[in-house]
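Grab a coffee and work through these exercises with the model open beside you. Try each task before you read its solution.

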Amino acid sequence: MDDSHTPHCLSRRTLLLAGARLTLLSAVPGMAAPVWAEQAAHPPLPLARLSALSTGVPVWFDYPAPGFANVLVKLGEPAAGGIGPQRDVVAFSARCSHMGGDLRGTLQPRHAVLGPCPRHLSTFDLTRHGIVVTGHATQSLPQVLLRQDGDDIVAVGMQGLVFGVVPHE
Ligand code: FES
(Lines give C-alpha, C1' and ligand atoms only; values in the text may rest on other atoms or scores of the structure.)
Protein backbone atom coordinates (compact mmCIF):
# COMPACT_ATOMS: atom_id res chain seq x y z
CA MET A 1 0.00 0.00 0.00
CA ASP A 2 1.31 3.44 -0.92
CA ASP A 3 1.24 5.60 2.19
CA SER A 4 3.24 8.51 0.75
CA HIS A 5 0.19 10.76 1.16
CA THR A 6 -0.60 9.62 4.69
CA PRO A 7 0.02 12.38 7.23
CA HIS A 8 2.88 11.57 9.60
CA CYS A 9 1.37 11.24 13.06
CA LEU A 10 2.72 10.24 16.45
CA SER A 11 1.02 7.24 17.97
CA ARG A 12 -0.54 7.73 21.40
CA ARG A 13 2.08 5.37 22.87
CA THR A 14 4.99 7.34 21.34
CA LEU A 15 3.53 10.59 22.63
CA LEU A 16 3.13 9.20 26.16
CA LEU A 17 6.68 7.84 26.17
CA ALA A 18 8.09 11.18 24.99
CA GLY A 19 6.14 12.97 27.72
CA ALA A 20 7.44 10.55 30.36
CA ARG A 21 11.03 11.12 29.22
CA LEU A 22 10.63 14.88 29.42
CA THR A 23 9.12 14.56 32.90
CA LEU A 24 12.05 12.41 34.05
CA LEU A 25 14.59 14.81 32.57
CA SER A 26 13.01 17.80 34.22
CA ALA A 27 12.98 15.99 37.57
CA VAL A 28 16.76 15.57 37.65
CA PRO A 29 18.29 18.36 39.77
CA GLY A 30 21.07 20.26 38.02
CA MET A 31 19.88 19.14 34.60
CA ALA A 32 20.83 21.49 31.78
CA ALA A 33 18.28 23.91 30.39
CA PRO A 34 15.88 22.52 27.80
CA VAL A 35 17.53 22.79 24.42
CA TRP A 36 14.59 24.72 23.01
CA ALA A 37 14.94 27.58 25.49
CA GLU A 38 15.95 30.64 23.50
CA GLN A 39 18.85 32.72 24.71
CA ALA A 40 19.29 36.35 23.78
CA ALA A 41 22.15 38.66 24.71
CA HIS A 42 21.24 42.15 25.87
CA PRO A 43 23.35 45.12 26.95
CA PRO A 44 24.99 44.40 30.33
CA LEU A 45 23.31 45.94 33.37
CA PRO A 46 24.97 45.94 36.82
CA LEU A 47 22.36 44.80 39.35
CA ALA A 48 23.87 44.50 42.81
CA ARG A 49 26.93 43.54 44.81
CA LEU A 50 27.15 39.87 45.68
CA SER A 51 28.38 40.66 49.19
CA ALA A 52 25.36 42.90 49.82
CA LEU A 53 22.72 40.23 49.11
CA SER A 54 20.87 38.55 51.95
CA THR A 55 19.37 35.11 51.50
CA GLY A 56 15.71 35.32 50.55
CA VAL A 57 15.62 39.11 50.19
CA PRO A 58 14.61 40.03 46.62
CA VAL A 59 16.05 42.81 44.48
CA TRP A 60 13.54 43.96 41.85
CA PHE A 61 14.82 45.51 38.64
CA ASP A 62 13.76 46.22 35.06
CA TYR A 63 15.55 44.40 32.24
CA PRO A 64 16.16 44.31 29.31
CA ALA A 65 14.04 47.47 29.01
CA PRO A 66 12.02 49.73 31.30
CA GLY A 67 8.72 48.13 32.26
CA PHE A 68 10.03 44.56 32.21
CA ALA A 69 10.26 43.63 35.87
CA ASN A 70 12.55 40.91 37.17
CA VAL A 71 13.69 39.62 40.51
CA LEU A 72 17.22 38.85 41.68
CA VAL A 73 17.48 36.59 44.70
CA LYS A 74 20.02 34.60 46.69
CA LEU A 75 18.17 31.36 47.37
CA GLY A 76 20.53 29.77 49.86
CA GLU A 77 20.65 26.53 47.84
CA PRO A 78 22.30 25.71 44.51
CA ALA A 79 20.18 26.54 41.49
CA ALA A 80 20.49 25.88 37.77
CA GLY A 81 22.11 28.91 36.18
CA GLY A 82 23.04 30.31 39.59
CA ILE A 83 26.18 32.34 40.20
CA GLY A 84 28.27 33.06 43.28
CA PRO A 85 30.29 30.65 45.45
CA GLN A 86 27.19 28.60 46.24
CA ARG A 87 25.64 28.92 42.77
CA ASP A 88 22.52 30.14 44.52
CA VAL A 89 22.05 33.62 43.05
CA VAL A 90 19.51 33.69 40.23
CA ALA A 91 17.25 36.18 38.49
CA PHE A 92 13.96 35.71 36.67
CA SER A 93 11.37 37.69 34.81
CA ALA A 94 8.44 38.76 36.95
CA ARG A 95 6.14 38.63 33.93
CA CYS A 96 4.25 35.31 33.92
CA SER A 97 4.95 33.16 30.87
CA HIS A 98 1.26 32.27 30.56
CA MET A 99 -0.46 35.59 29.88
CA GLY A 100 1.89 38.14 31.36
CA GLY A 101 0.53 38.24 34.92
CA ASP A 102 2.49 40.40 37.34
CA LEU A 103 4.58 38.17 39.62
CA ARG A 104 6.11 41.02 41.60
CA GLY A 105 5.62 40.39 45.28
CA THR A 106 4.97 36.67 44.88
CA LEU A 107 8.47 35.41 45.74
CA GLN A 108 8.42 32.58 48.27
CA PRO A 109 12.11 32.22 49.10
CA ARG A 110 11.50 29.43 51.61
CA HIS A 111 10.24 27.27 48.76
CA ALA A 112 12.45 28.82 46.04
CA VAL A 113 9.46 29.63 43.86
CA LEU A 114 7.88 32.65 42.22
CA GLY A 115 4.09 32.56 42.34
CA PRO A 116 1.29 31.82 42.48
CA CYS A 117 0.49 34.20 39.66
CA PRO A 118 -2.48 36.41 40.62
CA ARG A 119 -4.20 35.63 37.30
CA HIS A 120 -4.26 31.82 36.98
CA LEU A 121 -2.05 30.61 39.82
CA SER A 122 1.03 29.45 37.92
CA THR A 123 4.06 28.92 40.14
CA PHE A 124 7.66 28.53 38.96
CA ASP A 125 10.64 26.68 40.45
CA LEU A 126 13.63 29.04 40.65
CA THR A 127 16.13 26.23 41.27
CA ARG A 128 15.37 24.52 37.93
CA HIS A 129 15.39 27.25 35.28
CA GLY A 130 11.90 28.43 36.25
CA ILE A 131 9.98 25.31 35.25
CA VAL A 132 6.27 25.32 35.96
CA VAL A 133 5.33 23.73 39.28
CA THR A 134 1.60 24.28 39.01
CA GLY A 135 -0.95 26.42 37.18
CA HIS A 136 -1.88 27.19 33.59
CA ALA A 137 1.52 28.15 32.23
CA THR A 138 3.15 25.68 29.83
CA GLN A 139 6.48 27.46 29.47
CA SER A 140 9.18 28.09 32.02
CA LEU A 141 9.66 31.53 33.44
CA PRO A 142 12.34 33.41 31.48
CA GLN A 143 15.62 33.43 33.37
CA VAL A 144 17.97 36.40 33.40
CA LEU A 145 21.48 35.37 32.37
CA LEU A 146 23.91 36.60 35.01
CA ARG A 147 27.63 37.22 35.02
CA GLN A 148 29.82 37.73 38.06
CA ASP A 149 32.47 40.46 37.76
CA GLY A 150 34.32 40.30 41.06
CA ASP A 151 31.69 41.34 43.58
CA ASP A 152 29.36 42.73 40.93
CA ILE A 153 26.36 40.88 39.55
CA VAL A 154 25.61 41.85 35.97
CA ALA A 155 22.61 40.94 33.80
CA VAL A 156 23.76 40.02 30.28
CA GLY A 157 20.75 38.43 28.58
CA MET A 158 17.58 36.41 28.82
CA GLN A 159 16.85 32.72 28.46
CA GLY A 160 13.32 32.05 27.29
CA LEU A 161 10.70 34.24 25.73
CA VAL A 162 9.35 37.12 27.78
CA PHE A 163 5.58 37.45 27.39
CA GLY A 164 4.73 40.33 25.09
CA VAL A 165 8.15 40.56 23.47
CA VAL A 166 8.48 39.60 19.82
CA PRO A 167 11.75 37.66 19.35
CA HIS A 168 14.35 38.87 16.87
CA GLU A 169 14.48 37.07 13.55
S1 FES B 1 -1.09 34.93 33.53
FE2 FES B 1 -0.01 33.87 35.08
S3 FES B 1 -1.00 31.98 35.20
FE4 FES B 1 -2.04 33.03 33.64
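**Warm-up: confidence and layout**

This is a predicted model, and the protein chain averages a pLDDT of 84, with 76% of the residues scoring at least 70.

**Exercise 1.** Find the stretch where pLDDT stays under 50, and check how many contacts beyond four places in sequence the model has for it.

*Solution.* Start at the N terminus and colour by confidence. Residues 1-35 are the stretch where pLDDT stays under 50. For these residues the model has eight contacts beyond four places in sequence.

**Exercise 2.** Write down the order of helices and strands along the protein chain.

*Solution.* First, count the elements: there is one helix, and there are ten strands. Next, read along the sequence, and you get α-β-β-β-β-β-β-β-β-β-β. Then look at packing: 29% of the 169 residues count as buried. Finally, take the contacts with a separation of 6 or more; residues 24 or more positions apart account for 45% of them.

**Exercise 3.** Work out which strands S3 pairs with, starting from strand S2 and moving on to strand S4.

*Solution.* Step one: strand S2 (residues 59-62) runs antiparallel to S3, and four bridges join the two. Trp60 has Val71 in S3 as its bridge partner. Step two: look at the hairpin of S2 and S3, which has six residues between the strands; there, Gly67 takes a positive phi near 95°. Step three: S3 also pairs with strand S4 (residues 89-93), again in the antiparallel sense, over five bridges. In this pairing Val71 stands opposite Phe92. Step four: check how covered S3 (residues 69-74) is, and you'll find that five of its six residues are buried.

**Exercise 4.** Which residues have the most contacts inside the largest nonpolar core?

*Solution.* The core in question has 27 residues, and those with the most contacts inside it are Val71, Val90, Ala91, Phe92, Leu114 and Leu126. Now ask where the core residues come from: S3, S4 and strand S10 (152-159) are the elements that give two or more residues. S4 provides the largest share, four residues. To finish, zoom in on Val71. Leaving aside neighbours within four places in sequence, Val71 is in contact with Pro58, Trp60, Ala91, Phe92, Ala94, Leu107 and Leu114.

**Exercise 5.** Which strands stand at the edges of the four-stranded open sheet, and why is one side of each left without a neighbour?

*Solution.* Lay out the sheet first: its order is S5-S6-S7-S8, and the pairing is antiparallel. The edges are strand S5 (107-108) and strand S8 (131-134); each has a single partner strand, so one side of each has no neighbour in the sheet. Now follow S5 to its partner: two bridges join S5 to strand S6 (residues 113-114). One residue to click on is Gln108, whose bridge partner in S6 is Val113.

**Exercise 6.** Leu103 is in a loop; is Leu103 buried or exposed?

*Solution.* Place the residue first: Leu103 is in the loop between S4 and S5. Then count neighbours. Leu103 has 26 C-beta neighbours inside 10 Å, and the cut-off for buried is 20 or more, so Leu103 counts as buried. Who is around it? Leaving aside neighbours within four places in sequence, Leu103 is in contact with Ala94, Arg95, Cys96, Leu114, Gly115 and Cys117. As a last step, try a distance: Leu103 and Pro118 are 15 residues apart in sequence, and their C-alpha atoms are 7.3 Å apart in space.

Terms used. Residues are numbered from 1 along each chain as its sequence is written. This is a predicted model: local features need pLDDT of at least 70, side-chain atom pairs count only at pLDDT 80 or more; totals for chains, interfaces and linings use all residues. Two strands pair if DSSP finds at least two bridges between them. A residue is buried if 20 or more other C-beta atoms lie within 10 Å of its own, exposed if 12 or fewer, and partly exposed in between; C-beta atoms are placed from the backbone. A nonpolar core is a set of buried Ala, Val, Leu, Ile, Met, Phe, Trp, Tyr and Cys residues joined through C-beta atoms within 7 Å. Two residues are in contact if their C-beta atoms, placed from the backbone, lie within 7 Å. pLDDT is the predictor's confidence in each residue, from 0 to 100.
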